[in-house]
Amino acid sequence: MTAVLPRTGIGVDVHAFAPEDKPRPLWLGGLLWEGERGLAGHSDADAVAHAAANALFSAAGLGDLGTHFGTDRPEYASARGTVLLAEAARIVRDAGFGIGNVAVQLVCQRPRFGPRRAEAEAVLSEAAGAPVSVSAATTDHLGFTGRREGVAAIATALVYPLA
Ligand SMILES: Nc1ccn([C@@H]2O[C@H](COP(=O)(O)O)[C@@H](O)[C@H]2O)c(=O)n1
Ligand SMILES: C[C@@]1(CO)OP(=O)(O)OP(=O)(O)OC[C@H]1O
């Protein structure tokens, strides 16, 4: 008898802060952060949502964000991370998987994520159609995140084959 096992996936995303002469709004964890410096990218550069989507694709063995939403696709310019995450979840489900959960670790000095964690988790979970949890850590001012050059996010996901 062959066991039907769940599958785990991993995803990473990094975005640099936008240059001062080309300011952008900050979208992170599906939320708009008023008064915070925005991130550079083709889409809205929401590293938390992108890492979550990468982890879902990884778990399902379906490549990654670039496989499905390349930067050569004008329709994804400034696209919301939640839109990409919802589309990733749809693609994974259409490939025959249920989604157990997604866990994201955000690494940055700013913004302070904790006060808006519940709000972000609700928005991301709605987009994925499954529980998405987000934790945050600084790097004690070390490295590119510590110097506030950008943010990093690392995610895991669990999916299971539907019968
Ligand atoms: N961008 C961040 C980073 C961290 N937090 C919260 O602060 C706690 C302490 O961070 P350390 O890096 O010093 O471990 C962390 O556990 C988070 O709860 C945050 O909200 N936003
Ligand atoms: C999301 C896409 C497409 O708009 O562009 P970016 O916003 O630059 O983000 P990245 O995390 O580098 O993933 C690549 C692309 O799929």
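**Strand S5 and its surroundings in a predicted model**

In strand S5, Val 132 is the bridge partner of Val 102. The model examined here is predicted. Further along the pairing, Ala 136 of S5 is the bridge partner of Leu 106. S5 and strand S4 (residues 97–107) run parallel and are joined by six bridges.

The side chains of S5 alternate between two faces. Val 132, Val 134 and Ala 136 point to one face and are buried. Ser 133, Ser 135 and Ala 137 point to the other face and are not buried. Such alternation between the two faces of the sheet is what a regular strand shows.

S5 belongs to an open sheet of four strands. The strand order is S1-S6-S4-S5, and the pairing is mixed. Strands S1 (7–16) and S5 (132–137) form the edges. Each has a single partner strand, so one side of each is left without a neighbour in the sheet. From one strand to the next, the twist averages 15°.

Helix H4 lies across S4 and S5. H4 runs at about 140° to S5. Helix H4 (residues 117–128) also packs against helix H3 (residues 81–94), at an angle of about 40°. The axes of H3 and H4 are 7 Å apart. H3 contributes Thr 82, Leu 85, Ala 86 and Ala 89 to this contact. H4 contributes Val 123, Leu 124, Ala 127 and Ala 128. By class, the residues of the contact comprise seven nonpolar, one polar and no charged.

The end of S5 also features in a ligand site. Ligand 1 is surrounded by Cys 108, Arg 112, Phe 113, Gly 114, Ala 136, Ala 137 and Thr 138. Two of these names recur from the strand: Ala 136, which is buried, and Ala 137, which is not. The shell around ligand 1 has four nonpolar, two polar and one charged residues.

Ligand 2 has 13 residues around it. Gly 41, His 42, Ser 43, Leu 65 and Tyr 76 come nearest. The shell around ligand 2 divides into five nonpolar, seven polar and one charged residues.

Beyond S5, His 141 sits in the loop between this strand and helix H5 (143–146). His 141 has 10 other C-beta atoms within 10 Å. A residue with 12 or fewer such atoms counts as exposed, and His 141 is therefore exposed. Leaving aside residues up to four places away in sequence, His 141 touches Gln 109 and Gly 146. His 141 and Ala 47 are 94 residues apart along the chain, and their C-alpha atoms are separated by 19 Å.

At the level of the whole chain, there are five helices and six strands. Along the sequence they follow the pattern β-β-β-α-α-α-β-α-β-α-β. The chain has 163 residues, of which 38% count as buried. Among contacts between residues at least 6 apart in sequence, 76% join residues at least 24 apart. The C-alpha trace spans about 60 × 35 × 25 Å along its principal axes. The radius of gyration is 16 Å. This agrees with the value near 15 Å for a compact globule of 163 residues.

Note on methods: Residues are numbered from 1 along each chain as its sequence is written. Chains are lettered from A and ligands numbered from 1 in the order in which they are written. This is a predicted model: local features need pLDDT of at least 70, side-chain atom pairs count only at pLDDT 80 or more; totals for chains, interfaces and linings use all residues. A residue is near a molecule or strand if its C-beta atom, placed from the backbone, lies within 6 Å of it. Ala, Val, Leu, Ile, Met, Phe, Trp, Tyr, Cys and Pro count as nonpolar, Asp, Glu, Lys and Arg as charged, and the others, Gly among them, as polar. Axes are lines fitted to C-alpha atoms, for helices over the stretch in contact, and angles run from 0 to 180 degrees between N-to-C directions. Two residues are in contact if their C-beta atoms, placed from the backbone, lie within 7 Å. The radius of gyration is taken over C-alpha atoms; the globule rule is 2.2 Å times the number of residues to the power 0.38. A residue is buried if 20 or more other C-beta atoms lie within 10 Å of its own, exposed if 12 or fewer, and partly exposed in between; C-beta atoms are placed from the backbone. Two strands pair if DSSP finds at least two bridges between them.
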